[in-house]
Structures are given as C-alpha cells and as structure tokens.
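Dear colleague,

I am passing on to you the structure that we talked about, with the sequence alongside. Please open both before you read the notes underneath.

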Amino acid sequence: MTGFAVEMRGISKAFDTVTVLSEVDFAVRHGEVHALAGENGAGKSTLMKILQGIYELDSGTIEVDGRPVRLGSPQAARAAGIGMVFQEFSLVPTLTVAQNIFLGSEPRGRTGLIDDRAAERRSAEVFADMGVSVDPGRTVASLSTAYWQLTEIAKALAQDARVLIMDEPTASLAKHEADALFELIDRLKVRGIAVIYISHRMEEVYRIADRITVLRDGRWVLTESLAEITPPQIVEAIVGRRLEAQLTYTDRGDAGETLLEATGLRAGGRVRDVSFRLRAGEILGLAGLMGSGRTELARCLFGIDRLDAGEVRLRGTRVDLSSPGAAIAAGLALIPEDRREQGLVLDHSVRDNLLLPLLGRLRRGPVLSDAAGRRLSQELLERFSVKVADPARPVRLLSGGNQQKVVIAKWLGTDPDVLIMDEPTAGVDIGTKSEILDMIRGLADAGKGVLVISSELPELLAVSDRVLVLRDGTVHRELHRRDIPSEEALQLAVQGVS
Ligand SMILES: Nc1ncnc2c1ncn2[C@@H]1O[C@H](COP(=O)(O)OP(=O)(O)OP(=O)(O)O)[C@@H](O)[C@H]1O
Ligand SMILES: [Mg+2]
C-alpha cells in the first residue's frame, strides 16, 4: 500500500489559554514504526490523545488511509482503525483475558448470552497471530504487567486496529519482556500495521523505529529516518541545545561514617535476609531482576510493609518503621516506583501534593502558614524546573515526566537524612534525567545517604558508589563501583553469572 496510514496536518490545541500544540505535522506510513520524542510536556501524549478521539483539535486535519476523518470520540477513532496501548492499563483485573479483549464487543450465542468459549477461541487466534502464548481463560489479575500489555495489544488487534499507539510501553517491563515486545512489534510491522512509539529511551528508539519525529514546546522540530540521524543530533533536537555526556561516573572518593545500618531484614515472601550499610555521602545502587525483592526492600525500609525480622539503625539509633509517618519522622524518604498510585494524589493541586509530606513534620515545628506554603512550593517547583502553568490546579493535568518531578520535589522538601529512590528517572526526558542524576550526587555531597533502585544499568553505574545485587531476597553481591569494569559485567552479576 502506498501513502500514509495516518496523516495529521497543522494540528493545534490549547487548554484554556495555554497553547500545547501549534501547527504540528505528523505522518506515519503503513508498516512503519514511528518514534515520537520530546521533553516532558512537549505535547506527545496530547497529540496522541487527539488521534484517539479523547481530545478535540482546535485546528488542523487528520487523514487515515488517505481519507479525511473526524475523530470526535474514542469510538470514532477505534472505528477508523486507531488502537491504543494504554500507559495506565484499562483492563478489568477480575475478568479473564478473553473477556477483557472482547469487552463491549462480546461474541454472543443464539440465546444472546455472552459466549465465553467463542471469546476464548478468538482470543487464542489473535495471540497465535501475534506469536505469543497467553492463556485467554486466566484472569488478568493473575498475570504480570507484561501480559497485561500483551492483552491490551490483542484487544486493539481484535478490533482491527491498523495503527497502534504505544506511550512509553516499556516503562514497567523487565529487559527480557521489553525484548519480547520488540519482537512482537517487528511481526506487526510485517503485517503492515503502523506503530507510533513514544519513548524517552534512545537505545529503544534505534532498536525498534524506522523514523522519528521530535516535538519541542508543542511544535514540530524534525522528522527523520533513524538511519540518517545520530543520537546526539536527536538529543539536540529534543532539548534545543547540546548536552554533555551525562552517563559517566566520576569517583566521589570515600564516603563518611555509617549512616544507616540494616541487619537481617525479612518481610513478606520477597525480602528474606538483607543486611547492608549506607554511609553518609554515599550513593548505593540496588540492582536485581524483577522479583528479586528490590521494591519490597524499599517498601519495608519506609514502613509501608511490616518487617517480620531484623532491624534498621540510623546513626546507631533503632528506627521505628511501623508506618511511613514514623519513617519520615526518623528522617527517611521514599520516592516510590509507582508515582501515580503511591506518589501523588492526582486530583489535588500541585501545591498540596508538594506540601503533603511536610504535614508530618509540622508537629515538630511551627505551623506552615498559607503564604509560607505558597513560597515553599514555588521554591521547590523552580528548583526542579517543573513545567506547571498554575500550582493551584490538579497535578493530574501535568505531563507524565513533570508529575515525576513533583514526586521528587515533594520528598526532598522534607529534607531527609536518607533518601530511597525507586526508579527515579522512569518516564523523564533526557535533559531532566541528567538533572535528576546531578541532584542525587548533590544530595550525597551534602552528606545524605541515597539508595537508588534502577533497572537501567547505565544509569545505575553512572551514579552509584557501590552496588548491591539482590537475588531471591538476599544480597547476592556487593560491588564497589571501581570494581565493575563494564555494564556487561554488572548485567552478568544481576543474572547470577559469576
Ligand atoms: N487536560 C489538560 N488540561 C490542561 N493542560 C494539559 C492537559 N493535558 C495536558 N496538558 C498540558 O499540556 C502539555 C503537554 O502535555 P503532554 O502530556 O502532551 O506532554 P508529553 O510530551 O506527553 O510529556 P511526558 O514526556 O512528560 O509524558 C503539558 O504542559 C501539560 O501540563
Ligand atoms: Mg506523555
């Protein structure tokens, strides 16, 4: 087939008086994987929500398969063959995979009842076409995130989607799951399906995409074949200036005395026996496969999950970890992995979210006046260059990466002694990522202890002074940064190969 699967021309969109997209052109060919890149808040998700019929455009035209369409509703977009793999999944966990795939378009038997057997049979066919094996009769709740995503993709394909939109699809996937997704995308391409792929990860873009379009501040900057553009050129297009190489480690010298000491920690089934020390001024990286207990360790260190055994001492004094409030009072802070669920109250204002963890501290100090709260939140927003039009509006309206910055700013406002960060740069753009890594170093330079969990090994290697490799809920290896020669070496350690 010739021509474009989708062609968007001169798209503009404003919310209230704030222009978010101006005159954007974006066209995707059949069987093409087209990456959409840009800083946090550049307008990527908004452009895609217009294509899905969620937002109405102010001006511009959209053609699908060369025919002008009006995508006034999600139904209209689906009927036009546009499918979406949601970042926050839209599945019903208590239903089976097959029931989810046919939700709203259930095959019915002669009696008019939903025919589960037919739905499962047809789901199995879709999965077979995708070249993956998923049992359509299982409930979605019993499957891991990677399978949720496959179910989302199957759902779109079952509705005859010819264009699939994926907004940061690998954000919650382990490496082998991401690889499986890429292979699936390769197969979809062969079938002529167009994929629009939003990602902040450069390696992924080169692995999977044919062309890339970059947006900056709601404007089109470039569209280029990936064979003809280098990573630094893309970065420059994204941030509008050259960036120094950011992922290099500089030896920060020896850290101070022991700040935090954890001994024999056991919690739930996932944390079996963990002991470690964190020094003042030290950045300790936590590596490990999914399921190795990293996130669970962070949760019990912050008093979210109850410890079954073991103790944690801060400067020699035993820390009460019976609740997050107690942990905060003791001087700990956690930036959680799942920012939308645990990090923010989405319907509250940006300002209230920033000031929330400070409330626990107020008992110790003078009450925060309105004016002081305003000033403090303004200061935090500036320090972390959060792009926000009005801090009194709900945090839900911020772009994904800016929400992540609010989570970080909010916890740093509590001025903790020990900061635990679970995937701190997930979903943030490349410029912000280097800001966050610099900020982590700055905190350590100021004498704080920082525990960083990250699945991105280059990032972990750039920032950690020491790395703990967790496996099956225990510390499998403890490596000084100087003794890790390469990313491959760390990868092998994580996989348990010595
Ligand atoms: N419903 C809305 N009301 C008001 N402003 C909005 C709304 N949706 C998005 N915005 C604003 O539009 C801008 C673009 O947001 P968008 O979500 O498209 O960015 P993005 O490129 O997807 O960023 P990220 O990489 O962080 O996901 C942001 O400044 C955001 O605050
Ligand atoms: Mg987005």
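The notes below deal with one helix and then with the surroundings of a ligand.

This is a predicted model, in which local features need pLDDT of at least 70 and side-chain atom pairs count only at pLDDT 80 or more, while totals for chains, interfaces and linings use all residues. Residues are numbered from 1 along each chain as its sequence is written, and chains are lettered from A and ligands numbered from 1 in the order in which they are written.

Helix α4 covers residues 116–130; helices here are DSSP runs (H or I, at least four residues), numbered from the N terminus. In α4, A119, E120, S123, V126 and F127 are buried, meaning that 20 or more other C-beta atoms, placed from the backbone, lie within 10 Å of a residue's own, whereas an exposed residue has 12 or fewer. These buried residues cover an arc of only 120 degrees around the axis, which puts them on the same side of α4; the arc is taken from the directions from the helix axis to the C-beta atoms. The face turned away from that buried side carries the exposed residues R117 and A128. Just after α4, G131 takes a positive phi of about 75 degrees.

Around ligand 1 there are 18 residues, the closest being N40, S45, T46, S399 and G401, where a residue counts if its C-beta atom, placed from the backbone, lies within 6 Å. Domain 1 (4–239) and domain 2 (258–494) both give residues to this shell, so ligand 1 lies between them; the domain bounds come from an automatic or database domain assignment.

With best wishes

Definitions and conventions:
Helix = DSSP H or I, 4+ residues; strand = E, 2+ residues; numbered from the N terminus. Expected span 1.5 Å × (residues − 1).
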